[in-house]
Amino acid sequence: MKDKYIFRTGVLLIFLFMFTSLFLGMDTCLAQEMGEAEILEDSLAQPPAPPTNVVAKDAPNDNGHALLVTWTLSADDGVGRNNVVSYQILRSDSPEGEFEVRGLVPAGENIFSDEGAKEKEDANYFPPHKDFYYKVRARSDGIFSDSEVSAPAQAYGQWYHTGKTPVLFAVIIFSTFALVFITVARKGKELYIRPLAGIEAVDEAIGRATEMGKPILYILGLGSADMIATIASFTILSRVSKKTAEYQTPILIPCCDPIVMAVAQETVRAAYLEAGRPDDYKQENIYYLTSMQFAYVAGVNGIMIREKPATNFYLGKFYAESLLLAETGSLAGSIQISGTDEIAQIPFFVAATDYTLIGEELYAASAYLGREPVLLGTLKGQDWAKALVMIFLILGALAATFHFQWFLNLLKVQL
Amino acid sequence: MNFYERMMNLDRRWVYLVIGVVVVVTAIWTFRVPLYVTPEARSVYDFVESLTPGEVLMIGVDYDPSALAELHPMSYAITRQCFSKDVKLLLCCLHQNGPGMVEQVIAQVAEEYGKVNGVDYVYLGYKPYPSITILAMGQNFRIPFPEDYYGTPLDSLPMMRTITNYDNVRAIINISAGSATEYWINYANGRYNAKLAIGVTGVMTSDYYPFLQSGQIFGLIGGMKGASEYEYLAEKGGYISKEKDQLIASKSMPIQTTTHIVIILFIVIGNIGYFMTKGKK
Amino acid sequence: MSTNLGVWIAAFLTLGIMSFLYKDNPIYKFCEAVFVGVSAGYWFVTEYFTVFLPKVWDNVETAINVLQAEGRMDWFHWSYLLGGILGVLMLLRLVPKIGWISRWPLAVIVGTTSGLWLINYLVSNAMVQVRQTIIPLYVAGNLNASIGNIIIVVGTFCGLIYFFFSKEHKGVFGGAAKVGIWFIMITFGASFGYTVMSRMSLLIARMDFLVGTWLGLLK
Amino acid sequence: MRRTLPIAVVAGVGLFMLVQYFIPLEEFETLYEWALDWTMVIGCFAMLLGLYSLTTMMVTKVKRKAPGWGYSLVALAGLFFMVFVGVVPHYQDSLKYGTLFMDIFEYIYIPIQAAMFSLLAFYIASAAYRAFRARTVLATILLVSAIIIMLRLVPLGPLSGINQWLVNFILTVPNMAAKRAFWLGVGLGATATALKIMLGIERGYMGRD
């Protein structure tokens with residue numbers, strides 16, 4: 001039942017990727033033919049020759065509140081009388097109407113993006129789907145000449161951001177890897193994963209707590225419930241608490257975030273149910289302390305010194321408090337297992353705890369503990385993505401050495 | 001239990017005591033530490049030095065009281081240098097608990113140099129969501145900050161008349177203890193090409209070093225040592241002086257030096273103990 | 001010695017916390033209790049003023065005002081009520097029988113951020129990092145830079161090998177993984193070394209407060 | 001309803017957030033902002049859950065006269081006093097400087113936080129003493145690199161230049177390489193986890209009945 005559901009979601013996902021990729025082929029910019037530059041012969045007049053070929057078109061890859069204005073430089077820009085100082089861009093909602101100044105660019109430039117706000121209340125609101133006419137004014141000292149009024153143009157939003165195509169490809173490739181290996185794993189093929197010391201120590205650490213008759217302290221870190229590190233930690237918690245349920249060892253979980261607390265309660269309760277000991281579950285052992293970093297640490301330190309837990313787990317997002325926790329824990333004589341994806345804190349965990357899961361190892365831990373084929377499958381897919389990244393690294397370095405610019409452009413991402 | 005074994009099992013409270021005593025003793029009997037000025041701190045100083053009167057420098061101050069010890073000295077030294085050179089300052093704060101502190105710095109230094117708010121400097125105040133704020137400022141400072149910290153509309157401040165966005169400031173110096181720096185680099189420099197230097201806490205220094213190499217930032221002041229290097233240069237330049245008690249970071253550098261030596265000694269002693277007892281087990 | 005009451009309170013609390021270094025004691029326990037209580041209260045109040053009032057209350061108020069004044073439904077502002085309702089559903093956890101309803105708002109949070117994280121991590125952690133590691137292995141006329149770049153590429157490559165989970169670390173592959181973890185250890189050492197300065201700065205600031213501001217012994 | 005619906009919501013909302021990244025349309029921007037605001041709103045309601053949990057725990061301790069119940073009373077008093085002086089005067093003013101609420105924050109909260117933070121200085125020294133032993137090659141690399149970096153604060157005379165060069169080298173070369181590898185690994189791992197969440201594979205966070 002579950003599997004079917006996952007499969008369907010997968011199919012839906014792929015379908016949506018394909019759907020979005022359809023937009024790839026759509027060139028949403030209005031292609032407008034640029035006419036021959038019509039050079040106006042100026043006679044005795046002092047003002048510079050006006051810019052020509054003023055074209056306004058919708059700005060690409062935006063939310064529909066901007067127009068892109070281009071023009072051919074005045075004949076006196078840089079050449080001729082060489083007296084153009086700047087161009088002023090003027091806009092009106094009718095060809096004869098009053099033109100207002102929208103922007104100024106220095107001589108030599110022939111493009112201007114007229115952007116406005118999307119809120120109607122904003123003074124600079126730029127209405128979409130409305131005709132606008134543009135004039136470009138070549139300015140010299142105190143005198144100027146205007147171009148002819150452009151054809152009308154409307155601003156509208158786009159359905160696809162062309163600058164983000166590399167990301168789309170990356171998402172597709174990555175998901176494909178993951179889905180393929182999930183399918184392979186589900187077919188029953190045995191997938192190898194290398195041992196991780198931190199994971200293998202989990203059972204031993206729980207066993208030790210049971211022997212000593214002392215509780216286990218599980219810290220989910222300072223992250224909120226939606227952070228990847230915290231979510232990885234929930235999965236590990238679910239395994240750990242199932243073990244503690246079997247061994248009848250109490251598990252204490254002081255939390256730093258109310259939602260994390262709620263989720264932790266739910267996770268542990270379910271684990272106790274699964275272990276067949278729902279009556280041993282104690283909600284009061286999983287509680288909220290405070291959301292402020294150091295106050296939380298002060299509270300947890302107190303617990304460590306007073307309750308003397310046999311084993312401490314620190315898995316999730318940790319900041320400066322990592323060492324405060326780990327040192328106090330080692331002072332209290334607990335076995336400590338830690339893991340985080342905050343690179344700056346890992347050295348302290350490495351120094352002060354017994355086992356540390358470094359970065360990605362923390363995410364992988366759920367697969368190690370669960371050994372479910374789907375989880376192992378994604379781990380394998382992840383490795384393949386890593387291999388691909390490594391190939392790109394080598395090819396990229398070679399391309400950069402031998403100046404293959406086109407290859408480097410492949411990876412350009414517009415943020 | 002022989003000497004080495006006892007050394008190995010030393011109660012950690014002795015370690016705490018040694019550190020505490022060293023800090024207090026060095027604070028009372030202080031000395032001057034010879035200083036190696038790193039090129040990345042010097043380049044920030046040299047840049048500010050190259051500014052001419054009337055030019056505008058922007059300072060983004062993003063820290064809260066917990067990083068005060070490391071970053072406040074940088075804020076003070078740079079503002080003092082700027083004001084003595086008649087360089088105008090534009091300041092903003094993107095850290096929730098920081099705005100009051102920034103006000104304190106700028107108000108104090110402005111008074112020292114007789115600078116006028118709105119003419120010689122403008123303090124924009126605080127806005128949440130650093131990424132959005134930094135992006136918006138690239139278009140116009142008035143989008144995130146229609147008014148300054150004191151509630152005056154920007155348009156009515158004389159200094160802001162010629163200032164629209166990053167294009168109108170010579171450079172941005174971001175003094176920060178948090179993730180805002182990343183956004184300054186990615187958006188202010190990456191997207192709007194603003195010239196950027198940063199002053200960060202010691203912890204963050206190694207994270208941001210690579211940006212120096214790639215040229216995204218032109219200078220980096222790292223932690224209390226960086227701050228004291230800057231103060232050293234500023235003192236030599238005659239902008240701040242010891243008599244007026246303006247060397248804040250430099251004052252605690254001797255303590256940094258002694259505590260670092262002590263920690264290195266701890267590591268060495270710990271290892272001697274380890275190797276002397278290893279064979280016996 | 002300071003004559004300011006605030007300074008004395010702060011000094012007492014500072015010493016109370018530091019006394020934990022010697023051992024757990026009633027004064028530390030007292031400071032800890034104050035700290036936990038005050039901070040939880042502070043957090044609650046700031047959430048109330050910075051999220052609840054502006055995001056829920058003000059928007060719904062605007063929507064009601066529009067309804068009363070113009071007689072039309074302002075859907076944009078009403079939508080925030082839905083956020084509020086989801087929030088209330090979260091509170092249903094406290095009612096055991098229908099506690100499972102609280103999974104819905106949780107699903108909204110986790111769903112929203114999982115979509116966001118997927119893109120964010122893929123772009124800024126994976127793609128941008130690959131892009132930045134693409135550096136020429138040979139820089140004409142600059143031997144230092146060339147060697148540095150080669151080491152960076154090799155180090156990154158080996159570091160990634162260390163994070164391979166589905167292949168046994170032995171032979172050449174294992175050797176590369178070992179080199180990778182060496183690089184990672186150098187970084188950890190450097191992080192540690194740099195952090196010492198920051199942490200000492202904090203202690204110096206505290207000592208400055210105790211010895212200088214409170215006791216008046218400096219200068 | 002209990003499990004399927006939430007998982008469908010996760011997949012749906014997650015997919016939307018994924019797709020909207022590629023679509024610059026204004027309507028999608030608005031939806032995106034809503035989704036972010038909603039998560040914040042849910043979070044602030046959850047504060048009540050936290051408050052409830054903390055209070056019941058403390059009240060139970062006090063009622064049962066459990067060891068240290070007096071401290072629970074202190075914490076409760078601090079909590080409710082803070083909420084009282086914060087919310088009662090009403091409307092935004094509490095967060096301005098000079099109110100009783102902010103005074104408590106400044107004169108009580110900040111000093112304790114700073115003191116707590118400064119404990120790290122002692123702990124870092126003791127961690128260095130106890131844990132930095134050259135037991136293995138890896139541990140040796142870690143400690144040598146740490147010592148080199150720490151030495152930059154120690155005047156070494158002519159050796160300072162060499163040390164500075166080494167520091168520079170470590171930070172710009174191996175440090176950069178390792179961080180890249182680390183971030184790449186985290187990036188791929190987090191992307192995979194996010195994908196697993198959206199597909200409903202990773203759902204430890206939802207309990208399991």
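Let me start at the loop between β1 and β2 (66-72) of chain A, where Asn61(A) lies. What we have on the screen is a predicted model, and in this model Asn61(A) has a positive phi of about 55°, although Asn61(A) is not a glycine. Is Asn61(A) buried or exposed? With a relative accessibility of 17%, Asn61(A) counts as buried, because the cut-off for that word is under 20%.

There is a second asparagine to set beside that one. Asn53(A) also has a positive phi, near 55°, and Asn53(A) too is a residue other than glycine. This asparagine, however, is found in a strand, β1 (residues 52-58) of chain A. Its relative accessibility is 23%, so Asn53(A) counts as partly exposed, since that class runs from 20% to 50%.

Let me move on to chain B. Its secondary structure comes to 10 helices and 6 strands, and along the principal axes its C-alpha atoms fill a box of roughly 75 × 40 × 30 Å. Of the 281 residues in chain B, 59% are buried. If you take the contacts in chain B between residues at least 6 apart in sequence, you find that 73% of them join residues at least 24 apart.

One helix of chain B is worth stopping at, and that is α6, residues 130-139. Why can we call this helix largely enclosed by the rest of the structure? The reason is that 7 of its 10 residues are buried. Those buried residues of α6(B) are Pro130(B), Ser131(B), Thr133(B), Ile134(B), Ala136(B), Met137(B) and Gly138(B). And what covers them? The cover includes three strands of chain B, namely β1 (56-62), β2 (88-93) and β3 (121-126), together with the helix α7 (180-189) of that chain.

Now to the nonpolar cores, and here a general remark may help: in soluble globular proteins, nonpolar side chains tend to be buried together. In this model the largest nonpolar core has 262 residues, and the members that touch the most other members are Tyr218(A), Ile253(A), Ile19(B) and Tyr205(D). Helix α4 (residues 100-131) of chain D gives the largest share of this core, 21 residues. Apart from this core lies another, of 50 residues, including Tyr45(B), Cys82(B), Leu89(B) and Ala234(B). To go back to Tyr218(A) for a moment, if we leave out residues up to four places away in sequence, Tyr218(A) touches a list of residues of chain A, among them Ile236(A), Leu237(A), Ile253(A), Pro254(A) and Phe313(A).

That leaves the interfaces of chain C, and I will take the one with chain D to begin with. Here 109 residues of chain C are in contact with 111 residues of chain D. Between them the two chains bury about 10,200 Å², with 82% of that area on carbon and sulfur atoms. Phe44(C), Phe49(C) and Arg103(C) supply 7% of the area that chain C buries against chain D, which is more than any other three residues supply. How many salt bridges are there between chain C and chain D? The count is 1, and in that salt bridge the side chain of Asp37(D) meets the side chain of Lys55(C) at 3.1 Å, N to O. There are also 8 residue pairs in polar contact between these chains, counting pairs with both residues at pLDDT 80 or more. On the side of chain C that touches chain D, α2(C) gives the largest share, 29 residues, and by class that side has 73 nonpolar, 27 polar and 9 charged residues.

The other interface is the one between chain C and chain A, where 53 residues of chain C are in contact with 67 residues of chain A. The area buried there is about 5,400 Å², and carbon and sulfur atoms give 74% of it. The count of salt bridges between chain C and chain A is 4, and we can look at the meeting of the side chains of Arg93(C) and Glu266(A), a salt bridge at 3.2 Å, N to O. Across this interface there are 19 residue pairs in polar contact, again with both residues at pLDDT 80 or more. The side of chain C that touches chain A takes two or more residues from each of α2, α4, α5 and α6 of chain C, with the largest share, 15 residues, coming from α4(C). By class, the residues on that side divide into 35 nonpolar, 9 polar and 9 charged.

How values were computed: Residues numbered from 1 in each chain as written. Chains lettered and ligands numbered in written order. Predicted model: local features only at pLDDT ≥ 70, side-chain atom pairs only at ≥ 80, totals over all residues. Heavy atoms only, no water. Contact = heavy atoms within 4.5 Å. Buried area = accessible area lost by both parts, 1.4 Å probe. Polar contact = N/O pair within 3.5 Å; in protein donor to acceptor, adjacent residues only side chain to side chain. Helix = DSSP H or I, 4+ residues; strand = E, 2+ residues; numbered from the N terminus. Nonpolar A, V, L, I, M, F, W, Y, C, P; charged D, E, K, R; others polar. Core = buried A, V, L, I, M, F, W, Y, C linked by side-chain atoms within 4.5 Å. Buried < 20%, exposed > 50% of the residue type's maximum accessible area, 1.4 Å probe, protein only.
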